Amino acid sequence: MLRKTVLAHALSFAFGAAALTIGAMQPAMAQSNTTGNIVGRVEAPAGASVVLRNVDTGLKRTVTPEADGRYLVTALPVGRYKVELMRGNSVVDSTEVEVIIARASTRPS
């Protein structure tokens, strides 16, 4: 009977210590860095907008350039994007850009 009690206490202690250790550990956070950015600059930005469309998925984002003509579009899924410079409802310029994980792709000027 004494052996069973000692064994039960030892197991209780071991499981309690394991539970305490697991509870005290910081959780592992999965890092998902599977997006990229597109940066560019527009000459004469007044009235212009930039439309980015993922060629494969159809995802579409529209941005308005800053007063100096610069724009930055973040958190884009990787892939090929058609970048269109719009003035009103007309496409003034168009190009394709490849977005790569954790990088800023630059639209050619």
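**Close-up views of a predicted model**

**View 1. A nonpolar surface patch.** Val78, Ile100 and Ile101 make up a nonpolar patch on the surface. Together they offer about 240 Å² of accessible area. This is a predicted model. Ile100 sits in the loop between S6 and strand S7 (104-106). The relative accessibility of Ile100 is 42%. Ile100 therefore counts as partly exposed, since that class lies between 20% and 50%.

**View 2. Confidence along the chain.** The mean pLDDT of the protein is 80. A value of 70 or more is reached by 63% of the residues. Confidence is lowest in helix H1 (residues 2-24), where the mean is 58. Strand S3 (residues 60-63) has the highest confidence, at 96. Where pLDDT is low, predicted coordinates should not be read in detail.

**View 3. The largest nonpolar core.** This core holds 14 residues. Ile38, Val50, Leu52, Tyr71, Leu76 and Val83 touch the most other members. Four strands each give two or more residues to the core: S2 (48-54), S4 (70-77), S5 (79-87) and S6 (90-99).

**View 4. Ile38 in the core.** Ile38 lies in strand S1 (residues 35-41). Is Ile38 buried or exposed? Its relative accessible area is 0%. Ile38 is therefore buried, as the cut-off is under 20%. Ile38 and Ala75 are 37 residues apart in sequence. In space, their C-alpha atoms are 9.1 Å apart.

**View 5. The Arg80 and Asp56 salt bridge.** The structure holds 4 salt bridges. One of them joins Arg80 to Asp56, with the closest N and O atoms 3.6 Å apart. This pair links distant parts of the chain. Arg80 is in strand S5, and Asp56 is in the loop between S2 and S3. The two residues are 24 apart in the sequence. Arg80 has a relative accessible area of 34% and is partly exposed. Asp56, at 57%, is exposed. The class of Asp56 follows because exposed means over 50%. Side chains of opposite charge can pair when their charged atoms come close.

**View 6. Arg80, Glu96 and the network.** Arg80 also meets Glu96 in a salt bridge, at 3.3 Å from N to O. Here too, distant parts of the chain are linked: Arg80 in strand S5 and Glu96 in strand S6, 16 residues apart. Glu96 is partly exposed, with 46% relative accessibility. Which residues make up the network of salt bridges? Asp56, Arg80 and Glu96 are linked in it.

**View 7. Glu84 and its partners.** The side chains of Glu84 and Lys82 form a salt bridge, 3.9 Å from N to O. Glu84 has a relative accessible area of 12%. That is under 20%, so Glu84 is buried. Lys82 is partly exposed, at 36%. In S6, Ser94 is the bridge partner of Glu84.

**View 8. The hairpin of S5 and S6.** S5 and S6 pair in the antiparallel sense. How many bridges does the pairing span? It runs over 9 bridges. The hairpin has 2 residues between the strands. Gly88 in this hairpin takes a positive phi near 70°.

Conventions: Residues are numbered from 1 along each chain as its sequence is written. Side-chain values use heavy atoms; hydrogens and water are left out. A nonpolar core is a set of buried Ala, Val, Leu, Ile, Met, Phe, Trp, Tyr and Cys residues joined through side-chain atoms within 4.5 Å. Buried means under 20% relative accessible area, exposed over 50%, partly exposed in between (1.4 Å probe, protein chains only). pLDDT is the predictor's confidence in each residue, from 0 to 100. Patches are made of residues with over 30% relative accessible area and no salt bridge: like charges are joined within 9 Å, nonpolar side chains (Val, Leu, Ile, Met, Phe, Trp, Tyr) within 5 Å. Accessible areas come from the Shrake-Rupley method with a 1.4 Å probe; for residues, only the protein chains shown count as cover. Two strands pair if DSSP finds at least two bridges between them.
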